[in-house]
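User: I am new to this structure and would like a close look at a single part of it. Please take the salt bridges and the residues that form them, and explain them with care.

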Amino acid sequence: MKLKRQDAVLLVGLLAVALCLAVVLLLTRRDGAQVIVSVAGRETARLPLSETASYTIQGTNGGINVLQIANGTAWLEDASCPDRLCVQEGAIRYAGQSIICLPNRVVITVEGTSEQTDVDVIAQ
């Protein structure tokens with residue numbers, strides 16, 4: 001299959017846009033300040049990323065997840081779910097990142113500091 005000139009221009013353009021988007025995302029990410037733990041949609045804990053801690057999370061249906069926090073990162077050390085995809089997710093540290101364990105209905109989200117919000121003025 002021979003590549004036509006218009007196809008090549010389109011391909012190069014798409015790659016350039018993807019590269020620009022990746023650079024913008026890398027330059028605008030912010031370190032997180034705390035981890036929010038939610039089980040079945042309800043917030044159960046807020047833990048600072050600045051401290052070293054181990055936290056056992058009681059998920060739904062008797063499921064258990066073990067959250068580790070150290071050196072400004074958080075990760076799941078162990079989980080009782082059958083596939084353990086949440087453990088394989090690895091460490092998170094930037095605002096907006098999350099680890100989700102669907103079988104135990106556990107969501108761990110990194111949140112930035114309050115002065116990092118995009119809101120300029122709050123109307124009352």
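Is Arg 46 buried, partly exposed or exposed, and why does it count as such?

Analyst: The model shown here is a predicted one, and that should be kept in mind throughout. Arg 46 counts as partly exposed because its relative accessibility is 41%, a value that falls between the 20% under which a residue is called buried and the 50% over which it is called exposed. Arg 46 lies in strand S2, which covers residues 42–48, whereas Glu 111 belongs to strand S7, residues 106–111, so the pair ties together parts that are 65 residues apart in sequence. The contact behind this tie is a salt bridge between Arg 46 and Glu 111, in which the closest N and O atoms are 3.0 Å apart. Glu 111 has a relative accessible area of 29% and is therefore partly exposed.

Arg 46 also has a salt bridge with Glu 43, and there the closest N and O atoms are 2.7 Å apart. With a relative accessible area of 44%, Glu 43 is again a partly exposed residue. Taken together, Glu 43, Arg 46 and Glu 111 are linked in a network of salt bridges.

To set this network in context, the count of salt bridges in the model comes to four. Among them is the one between Asp 78 and Arg 84, whose closest N and O atoms are 2.6 Å apart. Asp 78 is partly exposed, its relative accessible area being 36%, and Arg 84 likewise counts as partly exposed, at 30% relative accessibility.

For a reader finding the way around the model, helix H1 offers a further landmark. H1 has 24 residues and reaches 35 Å from its first C-alpha to its last, which is close to the 34 Å expected at 1.5 Å a residue. The helix is hardly covered, since the count of buried residues among its 24 residues is zero. Leu 3 lies in the segment before H1, the helix itself running over residues 5–28, and Leu 3 joins Leu 11 and Leu 15 in making a nonpolar surface patch of about 310 Å².

Terms used. Residues are numbered from 1 along each chain as its sequence is written. This is a predicted model: local features need pLDDT of at least 70, side-chain atom pairs count only at pLDDT 80 or more; totals for chains, interfaces and linings use all residues. Side-chain values use heavy atoms; hydrogens and water are left out. Patches are made of residues with over 30% relative accessible area and no salt bridge: like charges are joined within 9 Å, nonpolar side chains (Val, Leu, Ile, Met, Phe, Trp, Tyr) within 5 Å. Accessible areas come from the Shrake-Rupley method with a 1.4 Å probe; for residues, only the protein chains shown count as cover. A salt bridge is a side-chain nitrogen of Lys or Arg within 4 Å of a carboxyl oxygen of Asp or Glu. Helices (H or I, at least four residues) and strands (E, at least two) are DSSP runs, numbered from the N terminus. Buried means under 20% relative accessible area, exposed over 50%, partly exposed in between (1.4 Å probe, protein chains only). The expected span of a helix is 1.5 Å times one less than its number of residues.
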